Amino acid sequence: MDLNFNEDDLKFRDEVVAFVKAELPDGVADKMKHGKHLGKDDIMAWQQALGRKGWLVNSWPKKQGGPGWTATQKYIFDNVTAEMNAPGIVPFGTKMVGPVIYTFGNDEQKQRFLPGIRESKVWWCQGYSEPGSGSDLASLKTRAVREGDHYIVNGSKTWTTLAQYADWIFCLVRTDSKGKPQEGISFLLIDMKSPGVTVQPIIMADGGHEVNSVFFTDVKVPAENLIGKEGEGWTYAKFLLANERSGIAAVPHSKKGVQALKRIAMSEQQDGKPLLQDPSFRDKVADLEVQLQALEFTELRILSAEAGGGAPGPEVSFLKIRGSEIQQRITELVTEAVGYYANPYLPGLLWQGSNEEPVGPAYAHTAAPRYFNTRKTSIYGGSNEIQKNIIAKMVLGL
Amino acid sequence: MDLNFNEDDLKFRDEVVAFVKAELPDGVADKMKHGKHLGKDDIMAWQQALGRKGWLVNSWPKKQGGPGWTATQKYIFDNVTAEMNAPGIVPFGTKMVGPVIYTFGNDEQKQRFLPGIRESKVWWCQGYSEPGSGSDLASLKTRAVREGDHYIVNGSKTWTTLAQYADWIFCLVRTDSKGKPQEGISFLLIDMKSPGVTVQPIIMADGGHEVNSVFFTDVKVPAENLIGKEGEGWTYAKFLLANERSGIAAVPHSKKGVQALKRIAMSEQQDGKPLLQDPSFRDKVADLEVQLQALEFTELRILSAEAGGGAPGPEVSFLKIRGSEIQQRITELVTEAVGYYANPYLPGLLWQGSNEEPVGPAYAHTAAPRYFNTRKTSIYGGSNEIQKNIIAKMVLGL
Amino acid sequence: MDLSLNDDQKMLKDSVDRFVREQYPFETRRKIAATNEGWSKANWAKFAELGWLGIPFGEDEGGLGWGMVELSVVMESFGQGLVLEPYLATVVLGGGIIARAGSAAQKQAILLGLVEGKVQLATAYFEQQARYNLADVKTSAKREGAGFVISGQKGVVFNGPSADHFIVAARTSGGQRDAKGITLFLVDAKAKGITRRDYPTQDALRASEIAFDNVAVGAVAVIGKLDDGLSVLEEAIDRATVAICAEAVGCMDALNAATHEYLKTRTQFGVPIGKFQVLQHRMVDMFTAAQEARSMVLMATLKIDDADATVRRKAASACKVQIGKSGRIVGQGAVQLHGGMGVTDELSVSHYFKRLTMIDSVFGNQQHHLTRYGLLMAA
Amino acid sequence: MDLSLNDDQKMLKDSVDRFVREQYPFETRRKIAATNEGWSKANWAKFAELGWLGIPFGEDEGGLGWGMVELSVVMESFGQGLVLEPYLATVVLGGGIIARAGSAAQKQAILLGLVEGKVQLATAYFEQQARYNLADVKTSAKREGAGFVISGQKGVVFNGPSADHFIVAARTSGGQRDAKGITLFLVDAKAKGITRRDYPTQDALRASEIAFDNVAVGAVAVIGKLDDGLSVLEEAIDRATVAICAEAVGCMDALNAATHEYLKTRTQFGVPIGKFQVLQHRMVDMFTAAQEARSMVLMATLKIDDADATVRRKAASACKVQIGKSGRIVGQGAVQLHGGMGVTDELSVSHYFKRLTMIDSVFGNQQHHLTRYGLLMAA
């Protein structure tokens with residue numbers, strides 16, 4: 001057993017640091033550092049740089065254009081980039097539809113779609129949830145009816161993250177309504193520019209626009225956009241979910257969050273002393289840091305089990321549970337730390353990147369909106385209740 | 001709205017204080033104060049004094065020999081007696097079987113059994129749970145077969161509190177195994193001296209003996225000991241449970257517990273200062289005191305709703321839930337407060353009332369045993385999970 | 001001991017409940033929030049007409065001579081509807097300070113108009129470095145001739161944009177965090193040397209950052225005794241704390257009702273989600289938390305007038321601790337049980353959640369009051 | 001980075017697991033607990049024979065020259081079986097102090113015999129007024145001629161009744177809570193002036209209150225440097241903390257296994273109680289808590305030898321915080337899910353719960369280590 005990096009790992013870390021220094025625009029790093037809203041261009045600039053370096057799809061196998069990193073290298077990359085305020089990689093192409101395409105797609109589909117994902121030239125979004133199908137995803141109703149060499153798609157999807165930027169959407173659609181709900185679901189790729197596709201913003205509690213409703217009215221989709229076999233979509237969706245969970249603990253992201261919390265608690269004053277020196281508040285931050293370390297080492301144990309040939313399996317569901325709880329706790333404590341200055345709501349600063357003066361300390365106005373927004377992390381991607389059901393069933397066999 | 005006592009209430013309070021001063025043996029008060037084990041005589045001496053005064057069955061209606069107190073008087077009595085270290089009244093006769101007898105029993109049964117309860121001459125215990133029937137009480141299997149003017153009872157009961165002291169036991173028995181499990185249950189009074197009744201101690205985690213298994217082998221029970229109608233026992237049992245819940249919050253008892261906790265935390269030293277001045281520990285005690293106050297005023301609201309004609313109803317289930325959680329938290333914090341001196345186990349001092357010197361501070365050796373023992377409060381009388389099911393069903397209609 | 005409302009109080013509760021139910025549906029509230037003032041003058045006139053603005057004031061001040069029980073009744077109903085009108089800032093806090101410590105002249109000048117709905121107040125006590133320590137006051141009031149000149153910065157002054165007068169806590173002697181040496185001043189909002197930055201809050205109220213640059217006031221501007229403003233301010237804020245806690249109870253009941261309804265109507269896996277035991281028990285916890293909050297508001301409402309300041313302080317702090325705790329359980333639970341819908345702007349759920357969150361941050365948060373209670377308890 | 005056991009470590013784990021499985025069923029453990037010593041000499045001889053007593057000691061001390069990883073492996077398996085033999089007191093803590101700071105003569109005198117199973121140790125550091133502050137030492141060692149005389153009271157000295165030697169922390173200079181001026185002494189348990197009161201603990205171990213009344217020792221009794229005992233003691237206790245945390249992980253796994261089994265076999269309302277979603281989710285929380293505890297023991301095991309004392313201290317404290325938290329979740333949960341049976345002496349469940357509870361109280365409880373971690377974090 002050994003926690004230290006070997007020489008190659010240390011070399012690799014230097015390479016990552018050098019790359020981020022060279023390729024990450026200062027403006028983007030600065031927005032990340034201050035919790036400001038990122039635009040599409042900010043994200044694309046960084047992801048395309050990663051694409052040129054061959055590091056964007058870093059969880060893909062070598063033969064699909066992945067860098068073939070070890071678990072340790074992946075750990076180093078995720079931590080260094082987060083530490084240096086690089087944006088996280090948008091998962092819809094790289095972690096979700098990409099692996100589905102190279103695993104279940106045909107050669108024509110691979111040649112057509114994978115390069116755009118590897119190079120971040122094409123923005124993908126995910127068409128899973130529907131108004132009536134949240135936790136019970138299999139009950140989805142969006143229909144795709146085969147007509148000749150096309151499908152005609154009707155229905156709607158919801159909670160579609162950043163659909164407003166998307167070129168393509170991968171959808172679970174119902175091609176057959178007989179049998180169990182899981183049967184008769186197919187996995188379809190749809191060009192967002194197709195006639196009949198409309199995107200409607202959903203405004204979140206913090207006033208921001210990151211998710212959408214997507215409506216499909218008689219949308220004509222070429223049959224060659226079907227992945228794998230008709231009616232096998234549920235299998236591909238489960239495969240995708242398993243993939244998605246890697247990194248879902250968001251440990252590097254939360255490490256930055258705890259750093260920021262401590263900075264804020266050092267600058268907030270109480271009776272002339274830093275808030276972080278108040279024993280009650282210090283207890284809470286210390287406890288949070290311990291929670292985060294427990295999550296980090298749980299993730300490391302799972303990774304090393306994987307590397308050692310052991311399958312990770314559904315225990316990773318608790319990486320999702322604890323990861324989301326910790327992200328929520330960080331924002332809750334930042335909100336507690338800023339006290340009265342959690343109240344001012346400054347949408348200009350938050351969303352339009354205006355240059356108006358903040359009210360109170362510069363870090364304060366994002367505290368409450370982030371706290372409100374982060375409540376979503378225990379809901380999306382399978383609510384924490386669903387995750388616990390999964391562990392109870394798959395791990396504990398109850 | 002007014003929190004203050006009127007003049008009559010103040011007079012009554014003085015009367016209670018004077019009574020306790022006169023009638024509560026010092027030895028008993030002292031054992032209570034130091035959390036020592038009470039013997040049967042200790043309890044009987046106090047309860048018979050209350051009986052002589054007419055205050056023992058203080059929740060009974062006047063016509064059954066109750067004192068006809070107002071809710072405020074009951075509140076005063078409970079708080080003053082607890083404050084002055086009087087033992088709590090054993091509920092099996094006074095709160096459980098007594099009300100069942102005067103509500104559903106015949107005149108002969110009332111004349112026969114109620115005086116012994118009012119005067120605490122007879123010790124009752126409760127025969128409900130069985131090894132296979134815990135939360136699912138209705139699945140009980142102890143059989144009572146009618147033969148002429150007797151029932152022949154076979155089976156076993158468990159968790160029977162203080163059965164080792166009991167003269168009589170009231171039992172739920174199965175007189176009919178057809179139909180729904182709730183049907184065919186009858187409510188039977190059994191003399192513990194009957195041939196075929198055997199009591200076997202159950203030793204608890206703290207090493208103490210307070211509960212038992214009771215076995216019935218061909219026990220002959222006169223038919224006149226049946227309460228109400230055969231097969232109606234479940235109705236009487238539910239009536240009894242509703243009664244039992246009054247006072248289940250144990251607020252006066254917990255007030256004493258919090259007082260003791262604060263005394264201990266003032267005498268425990270950390271870096272030469274009282275532990276209670278450590279902000280982290282002080283936070284925990286303060287939070288506990290707030291929880292207890294919330295429970296007390298919730299109980300008061302329910303009592304005054306009752307007095308105002310509003311029915312208390314199943315919301316009182318959360319008096320049980322919060323009451324038990326608070327009792328458990330008190331013992332947990334006392335154990336935390338005494339630190340290393342939670343470790344010594346001194347059964348002589350704990351159970352045999354020996355005069356050996358305690359190890360460390362005199363209050364320390366009872367801390368952990370009480371913490372272990374108090375875990376039962378969220379299990380017995382319907383586990384807290386069952387209580388939440390009740391609220392979900394009866395109050396929220398889910 | 002009697003914990004039930006009397007007939008007048010029941011009538012008051014009915015009328016405020018009816019107003020909220022009939023005049024304050026969520027979409028109306030959304031429209032009011034979007035206006036420039038952020039509250040409705042028409043509603044305020046109605047409050048005056050119904051006598052609600054006069055509840056805590058004596059007859060000779062044009063009020064009804066009622067007290068904390070009635071204020072809690074009003075605030076709880078307002079919480080049910082997320083009412084935006086500045087009742088807390090003007091009637092409870094600002095009006096409360098004038099009523100308790102103001103001179104006859106000040107009462108005449110302010111309260112009569114206030115009760116008629118013509119006067120708005122805001123209390124400028126918070127400063128950035130002070131966190132929740134009311135004694136931490138840098139803003140200074142220096143004698144000049146017969147009067148004073150006030151200079152300093154005040155933050156997050158609720159109802160600042162609409163206020164006709166500010167009540168300003170300023171230091172007339174002593175060091176930055178001394179209890180002694182703080183004086184309260186009644187200052188015309190249009191006085192020379194005052195500059196405001198107005199903004200909306202997370203929960204759609206309005207507040208201001210206010211800079212006082214050598215603002216000259218006369219000796220008559222002093223509220224109560226010179227150098228003795230802290231005790232007046234602290235008591236008024238303890239009362240306002242109970243009032244905002246009562247509002248929070250209304251918010252919690254509304255959230256629980258909405259969540260309860262959602263559990264019964266939202267179906268997944270072919271059944272209402274309220275059939276899932278884990279969600280049932282979470283709802284029970286939310287229900288219990290709201291019950292406890294209600295109990296503590298009752299406790300504090302009945303103890304806030306206690307002659308012993310320690311009883312009053314402990315009551316207000318214990319109540320605020322409970323509201324912080326219960327508000328989190330109910331607010332976070334309601335969002336979680338509503339799933340994705342709970343985090344949207346569309347549903348009222350997120351707005352109640354935001355209000356409960358901000359309530360925790362005002363007048364001292366859960367931790368501040370837990371510490372304050374603990375120090376009084378261990379003393 | 002490599003987090004897997006090597007082959008030697010796997011073999012060690014297999015052999016300790018086998019011992020616990022085959023030689024330490026619960027009823028055997030109950031019998032051992034009821035003996036006068038409270039542990040089995042036969043088992044101890046077996047530990048010696050299998051080399052387990054020599055794990056942390058160098059070859060020239062008759063040991064295997066292994067480290068914290070191997071100690072954690074042994075302690076975790078011992079936790080699975082609630083092993084009573086004083087491995088922690090003698091090998092990890094007492095032996096650890098001698099191995100790190102002892103003179104060549106002391107190592108000769110103690111460790112060779114210890115590894116052979118002939119020597120038992122107990123470390124007398126705790127005093128009633130000290131709570132968890134290792135620097136709070138009243139017991140004094142005054143120079144007398146070439147040696148010292150030790151006087152004072154030590155409390156809750158684990159393995160005190162069986163120890164051949166005590167390691168005693170005594171003040172040779174400085175004030176009661178000064179870090180400087182504490183010296184460790186190696187004292188013969190039969191030395192004149194020592195009186196013991198022995199007792200069992202809640203979790204069936206044995207401990208003593210020990211009074212030192214002018215106990216005379218030679219200069220050779222000093223362990224390490226005069227006045228510099230605290231750093232040695234603190235580091236040894238940090239290592240012992242990780243070891244006891246590893247034991248706790250074994251306890252938690254055993255409790256979770258028992259509870260898991262009970263959920264599948266106990267039926268109520270016609271189904272295994274494990275079908276109830278609320279109990280499922282509580283079991284998931286217990287399972288998660290045990291996973292986190294295992295992760296933190298791994299973390300601390302790998303950081304405990306770090307050259308930077310701050311890294312070591314934070315690792316030990318973070319680990320103990322997690323074990324306190326997880327132990328409570330798993331212990332209380334196991335009792336609750338077992339219902340009435342969980343609070344009886346008959347089932348092993350209550351005994352694991354008692355051990356986990358006492359583990360929290362030893363070497364500093366969750367709060368002590370949270371504060372210690374926080375101070376290092378905020379420094």
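I'm calling two residues in contact if their C-beta atoms, placed from the backbone, lie within 7 Å. Noting up front that this is a predicted model.

**Entry 1: chain A against chain D**

I pulled up this contact and found 28 residues from chain A and 31 residues from chain D in it. On the chain A side, I see α9 (279-307), α10 (317-338) and α13 (384-395) each putting in at least two residues. The biggest giver there is α9(A), with 13 residues. I sorted the chain A side by class and got 14 nonpolar, six polar and eight charged residues.

**Entry 2: a helix pair in chain C**

Next I looked at α1 (residues 7-23) and α4 (residues 68-81) of chain C, whose axes come within 9 Å and cross at roughly 20 degrees. Angles under 35 degrees count as roughly parallel, so I have α1(C) down as roughly parallel to α4(C). The crossing of the two is right-handed. From α1(C), the contact residues include C:Leu12, C:Val16 and C:Val20, and from α4(C) they include C:Val69, C:Val73 and C:Phe78. By class, I get seven nonpolar, four polar and three charged for this contact.

**Entry 3: a helix pair in chain D**

Then I turned to α9 (residues 309-337) and α10 (residues 349-361) of chain D: their axes come within 9 Å and cross at roughly 160 degrees. Anything over 145 counts as roughly antiparallel, so α9(D) goes in as roughly antiparallel to α10(D). I logged this crossing as left-handed. Among the α9(D) contact residues are D:Gly324, D:Gly327 and D:Gly331, while α10(D) brings in D:Phe353 and D:Leu356, among others. My class split for this contact reads seven nonpolar, five polar and one charged.

Definitions and conventions:
Residues numbered from 1 in each chain as written. Chains lettered and ligands numbered in written order. Predicted model: local features only at pLDDT ≥ 70, side-chain atom pairs only at ≥ 80, totals over all residues. Helix = DSSP H or I, 4+ residues; strand = E, 2+ residues; numbered from the N terminus. Nonpolar A, V, L, I, M, F, W, Y, C, P; charged D, E, K, R; others polar. Axes fitted to C-alpha atoms, helices over the stretch in contact; angles between N-to-C directions. Parallel < 35°, antiparallel > 145°, perpendicular 65-115°, else oblique. Left-handed = near helix turned anticlockwise from the far one by under 90°.
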